[in-house]
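Got your viewer open? Load the model, pick a colouring you like, and follow along one selection at a time.

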Amino acid sequence: MTSLARKLAILALFALLGAATAQQLSFWHYWDGANGQVLQGLIDQYQAENPGVTIEAVFVPGSELVTRLQTAIQGRQTPSLAIADLVTVPLLTGSGALVPLDDYIAASNLDLDDYFPGPMVYGIRDGRRYSLPVSASNLALFWNKDLFEQAGLDPDVPPRTWSELIAFGQTIRERTGAWGFELFTQGGEGTSWQWQVFLWSAGGEVLSADLGSPAFHSAAGERALGMWADLVHEHGVSTIAPWGLFGRGEAAMVMDGSWMTQFFPMQVRFPLGSAIFPYADDGVPASNLGGEQVFLFASDAATEAAAWDFVAWFSSTEVQVEWNRNTGFMPIRASVADDPAYRAWVASARPLLQPFVDVMPYARARPPITNYPRVSDLLAEYVLEAVHARMTPAQALGAAESEIAPLLR
Amino acid sequence: MVDKRAAAVRGTPRSPNGGVGRAWPEALLLLGPALLVLATFSVYPALASIHLSLFDWDGIRPVRAFVGLDNYTRLVASREFANSLRVTVVYSAGMTIAALAIGLLTAVLLNQRIRGIALYRVLFFLPVITPTVAAGVVWRHLFDPSQGVVNRSLAMVGVSGPSWLTDPAWALLAVILVGVWKRVGFNVVVYLAALQGVPRMLYEAAQLDGATPWQTLRYVTIPLLAPTTFFLSVTALIDAFQVFDLVYVMTSGGPLRSTDVFGFFLYRYGFRYHELGYASAIAFVMFALIFVATLVQYRLARGGGRAG
Amino acid sequence: MRGRRIRTIATHVALIAGATVSAMPFLWMVTTSLKPPGALYQPPLLVPIHFEWANYAEAWRAAPFPRFFLNSAVMAVGITLAQTMLSAMAGYAFARLRFPGRDALFLVVLGTMMIPFPVTLIPSYMIVAQLGWIDTYAALIVPRAASAFAIFLFRQFFLHLPRELEEAALIDGAGRFAIFWRIVIPLSTPVIAASAIFSFLFAWNDFLWPLVVTTSPRMQTIQVGLAMFQGQYGVFWTLLMAACVLAVIPAILAFLVAQRRFIEGMTTTGLKG
């Protein structure tokens with residue numbers, strides 16, 4: 001064999017060996033469009049630093065991911081790792097198909113105390129942790145500065161309490177004809193998670209600490225629901241209509257998510273302000289969390305280890321800063337929120353995002369129960385009964401309580 | 001018409017429809033593939049799902065808990081089921097009847113050798129072939145209380161339109177309207193084809209007898225179209241009972257569950273609450289109701305005329 | 001005479017009104033798809049005054065639409081061929097052959113039409129997964145290779161087809177299958193066209209099943225792509241409508257092409273009684 005041929009043969013041998021020992025991972029997610037590209041960029045970076053690993057990122061439309069994971073678990077065709085919406089994690093941890101992460105976390109230098117408390121209530125089952133937060137979003141106040149000005153209000157001063165919310169709303173309604181505040185009245189999760197912010201800020205809780213019984217039928221609960229009903233009927237500040245009034249400039253204020261800091265400026269034709277959402281007059285700031293958690297599916301040891309390695313890398317402060325800067329997702333770790341590069345980016349590129357970052361320590365998560373969607377839908381249904389004035393807040397919460405209590409076992 | 005002598009000469013006992021014994025291998029060959037597919041992907045899964053309805057399972061836990069008929073007793077006693085039943089019946093009856101009536105009327109009008117009939121047919125059929133997702137998304141916007149075309153048109157004639165999809169009193173009607181919109185074209189086309197097979201003589205005879213157009217319609221046309229009406233109402237009802245895409249896109253079963261049709265009710269419990277056993281029970285009940293309704297229609301048609 | 005003229009005018013008015021209601025949402029879809037993003041929240045239009053064709057290019061680029069189109073086409077053609085063939089054969093057997101349990105079997109076939117799809121979803125998926133067909137054309141086509149509706153259609157048609165030619169062939173000793181292929185099928189162009197267009201439209205517009213059995217953009221169909229698009233660009237109605245229009249056009253074209261045959265098919269399926 002010529003020297004060249006021998007070199008080629010050796011190269012081929014190495015390539016074959018490399019291919020044979022290359023670790024293939026599949027990663028299911030629902031991050032779409034630009035976020036999906038950011039993910040791919042980070043994956044490429046990881047692959048460059050870890051040549052033996054290939055990660056195939058598979059996009060599954062958000063609403064179908066859990067269905068697909070369900071059927072995948074049934075058909076034993078699970079990916080190596082996946083993300084899922086916060087709220088669906090209890091469902092997956094009960095499947096027996098996920099890998100407990102405690103040992104991996106202990107062996108790595110991942111500091112769990114650095115994580116914000118809100119998202120961390122998820123992923124725990126029988127004392128073991130099966131998932132980690134990888135992204136978050138939360139809710140805060142947006143307002144239309146033009147309408148504020150038209151109504152004679154200072155366009156840079158948002159309401160901070162419920163009384164101010166009502167007062168500002170009424171002023172706007174009287175002086176501009178626009179609605180003061182847009183409520184999400186289409187039911188389902190949208191209504192439920194907005195109302196929970198009101199409940200928490202009035203000092204209430206959705207469920208008891210052991211998650212075994214409803215806790216929303218309380219003075220705080222009636223206050224929060226009364227506020228919603230009053231916004232529509234008593235104060236005339238809000239109305240029941242399809243979502244989109246704020247975007248069209250027909251309502252001056254709205255509670256919406258951190259992701260809208262990217263979309264609103266593109267869609268609306270007025271200057272925007274954002275602030276922590278007004279809280280009950282003697283209550284506390286609150287927000288509701290969305291976001292995703294990452295978890296590993298049980299398979300062979302090598303795959304699991306490789307998948308964990310990626311997760312640990314992805315969860316590191318540096319990578320998270322990159323991730324958040326490019327996607328607009330909220331920091332899940334205090335070290336990221338305090339990171340100078342991150343703060344500089346927020347200040348220059350997304351100033352609207354700062355209040356969302358500021359409220360992260362106060363942001364609460366929805367109850368981590370398996371049948372949360374059912375509980376949430378029922379809660380929303382009764383919240384709307386009160387908003388539609390078909391029941392009083394006390395009646396509505398009482399009815400909700402009696403229907404929800406048996407579901408919490 | 002068969003020359004029995006000729007058949008006897010050949011010694012093959014053939015009746016016009018093929019002898020029973022002889023037909024088997026051919027029946028198998030002709031029916032086999034279709035039946036195999038239907039058995040594997042329709043019948044078996046349906047049975048598997050009936051089996052599933054006797055369990056409590058979330059689709060993920062490795063163990064399923066047998067609960068017998070609990071899912072059914074829970075279902076029948078639940079207020080959500082009673083509501084969903086009412087909503088589904090109203091939707092199905094409303095959509096089917098309206099689409100039939102409008103379809104028939106339109107076909108009768110078109111049948112008068114109107115100019116541009118081909119264009120009309122296409123325009124009426126467009127909704128039928130539009131993907132339901134796209135249709136739902138578009139109509140959701142059209143029903144917007146302040147900006148939508150529907151309310152703006154009503155405003156032009158001085159009527160203040162309701163807040164369609166967010167008003168529990170109107171949302172179901174809105175969904176029915178879209179269902180009718182999507183269905184009418186199909187009825188028009190089928191009725192039109194059926195009408196074009198009706199001999200002109202009959203109409204002329206009726207006219208000679210002094211019948212008004214309305215009387216002709218009622219006493220000549222409609223009875224003649226009975227088999228077509230049967231076919232259209234059966235298929236429409238089966239479809240309407242299972243409506244899902246529209247509700248999913250437009251109202252998500254709301255507001256206040258006023259559009260929570262069976263299809264969506266089932267989806268909620270199966271894919272949102274992950275109660276596969278319960279959802280399977282809902283499916284079985286749906287299936288039973290559809291079956292009974294169809295059977296009733298079949299019997300009615302049998303009594304009234306040839307159903308084929 | 002005046003009565004007749006009023007009736008004619010009223011007829012035209014009614015028909016135009018009906019046709020407008022029918023077509024109006026589609027018009028809205030098209031005009032919105034041509035609006036620039038800034039005009040998003042402006043009042044709805046029925047006549048396009050904007051012509052932002054860039055929306056279409058943007059929508060086409062935003063997702064691998066060429067691949068989605070191809071997958072939808074392969075799936076739709078595959079399903080159409082399979083359904084037409086299998087259903088014609090089955091419909092013929094039900095119409096012409098006598099065997100014990102024939103009518104009961106036909107009722108069972110009809111019964112499958114009433115099985116709500118979500119019921120069969122998971123067990124069907126499990127079967128497909130076990131066969132190793134996930135993310136293949138087989139998964140998209142085979143489970144839908146038969147259609148109870150098409151069988152119904154064909155049976156109706158064959159019941160009303162005059163039997164003389166077949167009987168003559170029978171007497172000549174020909175087998176049923178050969179009769180089916182050589183004599184009956186050539187006479188069945190109208191119902192074949194009708195059935196084919198139904199199959200094609202069903203397949204083209206189908207969403208939930210292709211979503212569940214495909215996992216990669218390599219295999220996903222146009223409606224799945226549209227749903228992905230709704231997730232990515234849901235807030236951008238102009239792009240969403242552009243994608244909608246792209247997803248709808250083939251269905252319309254197919255219908256326009258097969259329209260005449262479709263109508264002929266309806267005419268002779270004996271539905272008129």
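Which residues of helix 9 of chain C are buried? Select C:Arg176, C:Ile179, C:Phe180 and C:Val184, and you have them. Buried here means that 20 or more other C-beta atoms lie within 10 Å of the residue's own; exposed means 12 or fewer, partly exposed is in between, and the C-beta atoms are placed from the backbone. The buried residues cover an arc of only 100° around the axis, so they sit on the same side of helix 9 of chain C. That arc is taken over the directions from the helix axis to the C-beta atoms. Now swing round to the face turned away from the buried side of helix 9 of chain C: the exposed residues there are C:Ala178, C:Arg182 and C:Pro186.

Before moving on, some housekeeping. This is a predicted model, in which local features need pLDDT of at least 70 and side-chain atom pairs count only at pLDDT 80 or more, while totals for chains, interfaces and linings use all residues. Residues are numbered from 1 along each chain as its sequence is written, and chains are lettered from A and ligands numbered from 1 in the order in which they are written. Helices (H or I, at least four residues) and strands (E, at least two) are DSSP runs, numbered from the N terminus.

Stay on helix 9 of chain C for a quick ruler check. Its 12 residues (176–187) should span 16 Å at 1.5 Å a residue, and the end C-alpha atoms are 15 Å apart, which agrees. The expected span is 1.5 Å times one less than the number of residues.

**Stop two: the B–C contact**

Show chains B and C together. The contact takes 84 residues from chain B and 75 residues from chain C, where two residues are in contact if their C-beta atoms, placed from the backbone, lie within 7 Å. Highlight helix 2 (residues 20–52) of chain B: with 21 residues, helix 2 gives the most to the side of chain B that touches chain C. Colour that side by class and you get 58 nonpolar, 22 polar and four charged residues. For the classes, Ala, Val, Leu, Ile, Met, Phe, Trp, Tyr, Cys and Pro count as nonpolar, Asp, Glu, Lys and Arg as charged, and the others, Gly among them, as polar.

**Stop three: the cores**

Where are the residues with the most contacts inside the largest nonpolar core? Pick out B:Ala34, B:Val175, B:Ile282, C:Tyr92 and C:Cys244; this core has 172 residues. A nonpolar core is a set of buried Ala, Val, Leu, Ile, Met, Phe, Trp, Tyr and Cys residues joined through C-beta atoms within 7 Å. Helix 8 (residues 171–195) of chain B brings the largest share of this core, 18 residues. Zoom in on C:Cys244: leaving aside residues up to four places away in sequence, C:Cys244 touches B:Ala134, C:Met29 and C:Leu226. Then jump to a second, separate core of 131 residues, which includes A:Ala72, A:Phe148, A:Leu289 and A:Phe314.

**Stop four: chain B alone**

Hide the other chains. Chain B has 14 helices and two strands, and 49% of its 308 residues count as buried. Go to B:Gly254 and B:Pro255, which are joined by a cis peptide bond with omega about -10°. B:Pro255 lies in the loop between helix 12 (245–250) and helix 13 (262–272) of chain B.

**Stop five: chain A**

Colour chain A by its domain assignment: domain 1 (25–136 + 290–353) and domain 2 (138–287 + 365–407). These bounds come from an automatic or database assignment. The C-alpha centres of the two domains lie 29 Å apart, and their contact takes 16 residues from domain 1 of chain A and 14 residues from domain 2 of chain A.

Bring chain B back: this contact takes 23 residues from chain A and 20 residues from chain B. Helix 17 of chain A gives the most to the side of chain A that touches chain B, with five residues.

**Last stop: two positive phi values**

Select A:Leu211, a residue other than glycine whose phi is near 65°. A:Leu211 is partly exposed, with 16 other C-beta atoms within 10 Å. Finish on C:Asp135, also not a glycine, with a positive phi of about 65°. C:Asp135 is found in the loop between helix 5 (117–130) and helix 6 (137–141) of chain C.
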